[in-house]
Amino acid sequence: MSVVGLFVPGTGPLYRVPAGAKLLGLLVVGVGLVAAADHRIALGALAVSLLLYPVVGLAPARAWGVLRVLWPFLLAIALFQILFGEWETAVRLCAQLAALVLFANVVTLTTRVREMLDLFERMARPLRHVGVNPDRVALVLALTIRSIPMVAAAWRMAQEGYRARGLSGRPHLLVVPVIVQLLRMADATGEALVARGIDEDTRT
């Protein structure tokens, strides 16, 4: 499943941590942020997530690239909370979301896809007793991970076409091109899976 394509070769300290430990740490951080429900802690976590990139040997530009994709959603959340809630809640929710996405991105960038798939397969083995194929579960989770860069790539391509046509001030025009591009990517992924015979046993 090299099509996932998120792993960035490196020698930083996080590269030597097992995939299971990294995912467990991500889960603990996420639960902790939600349970604390404090905008100051959320901002601290966001700062740590940004500093983590150069510490583990990743270019800071990768973090900013994630934030560029996230900012429309963060802006919408902030505006809604400021208008109908409190500014502290707006800051907390935006910081939590940004921090968790950045942490998750670090995990995927420093973990080989094969390690992820092996971990997912091991976690799904108990489901074999109820008729679930662990290999299928691992494949579905891998494709879910793949959807993250696919969405980002579709958004960048739509923006480039938007600017090339000299358009400005109408971001809603990006919606249809993004959806079309995602459908094309999904179709190409489906054809690749069929070509490898991955769906053969589902037809019997």
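This passage walks through the overall fold and then looks at helix H3, its partner H4 and the residue Leu 97.

The model described here is a predicted one. The protein is built from seven helices and zero strands, and from the N terminus on its elements read α-α-α-α-α-α-α. Of the 204 residues in the protein, 34% are buried. Among the contacts with a separation of 6 or more, 70% join residues 24 or more positions apart.

A good place to start the tour is helix H3, which covers residues 60-84 and so counts 25 residues. From its first C-alpha to its last, H3 reaches 34 Å, close to the 36 Å expected at 1.5 Å a residue. Along the way there is a kink of about 50° at Leu 70, and the proline Pro 72 follows shortly after this kink. Leu 70 also belongs to the buried residues of H3, together with Ala 63, Gly 65, Val 66, Leu 67, Leu 74, Ala 78 and Gln 81. As a general guide, an α-helix has 3.6 residues a turn, so residues three or four places apart point the same way. The partners against which the buried residues of H3 pack are helix H2, spanning 39-55, and helix H4, spanning 87-109.

How, then, are H3 and H4 arranged? Two packed helices are described by the angle between their axes and the distance between the axes. For H3 and H4 the angle is about 155°, and the axes lie 9 Å apart. Since angles over 145 degrees count as roughly antiparallel, the two helices H3 and H4 are therefore roughly antiparallel to each other. The crossing in which H3 passes H4 is right-handed. On the H3 side, the contact is made by Arg 62, Ala 63, Val 66, Leu 67, Leu 70, Leu 74, Ile 77, Ala 78, Gln 81 and Ile 82. H4 contributes Trp 87, Thr 89, Ala 90, Leu 93, Cys 94, Leu 97, Ala 98, Val 101, Leu 102, Asn 105 and Leu 109.

One of these H4 residues, Leu 97, offers a view of the contact at the level of a single side chain. Leu 97 sits in helix H4 and touches Leu 74 and Ile 77, leaving aside residues up to four places away in sequence. Is Leu 97 buried or partly exposed? Its relative accessible area is 31%, and buried means under 20% while exposed means over 50%, so Leu 97 is partly exposed. Leu 97 and Ala 42 are 55 residues apart along the chain, and their C-alpha atoms are separated by 9.0 Å.

Conventions. Residues are numbered from 1 along each chain as its sequence is written. This is a predicted model: local features need pLDDT of at least 70, side-chain atom pairs count only at pLDDT 80 or more; totals for chains, interfaces and linings use all residues. Side-chain values use heavy atoms; hydrogens and water are left out. Helices (H or I, at least four residues) and strands (E, at least two) are DSSP runs, numbered from the N terminus. The expected span of a helix is 1.5 Å times one less than its number of residues. The bend at a residue is the angle between axes fitted to the seven residues ending there and the seven starting there. Buried means under 20% relative accessible area, exposed over 50%, partly exposed in between (1.4 Å probe, protein chains only). Contact means heavy atoms within 4.5 Å. Axes are lines fitted to C-alpha atoms, for helices over the stretch in contact, and angles run from 0 to 180 degrees between N-to-C directions. Angles under 35 degrees count as roughly parallel, over 145 as roughly antiparallel, 65 to 115 as roughly perpendicular and the rest as oblique. A crossing is left-handed if the near helix is turned anticlockwise from the far one by less than a right angle, and right-handed if clockwise.
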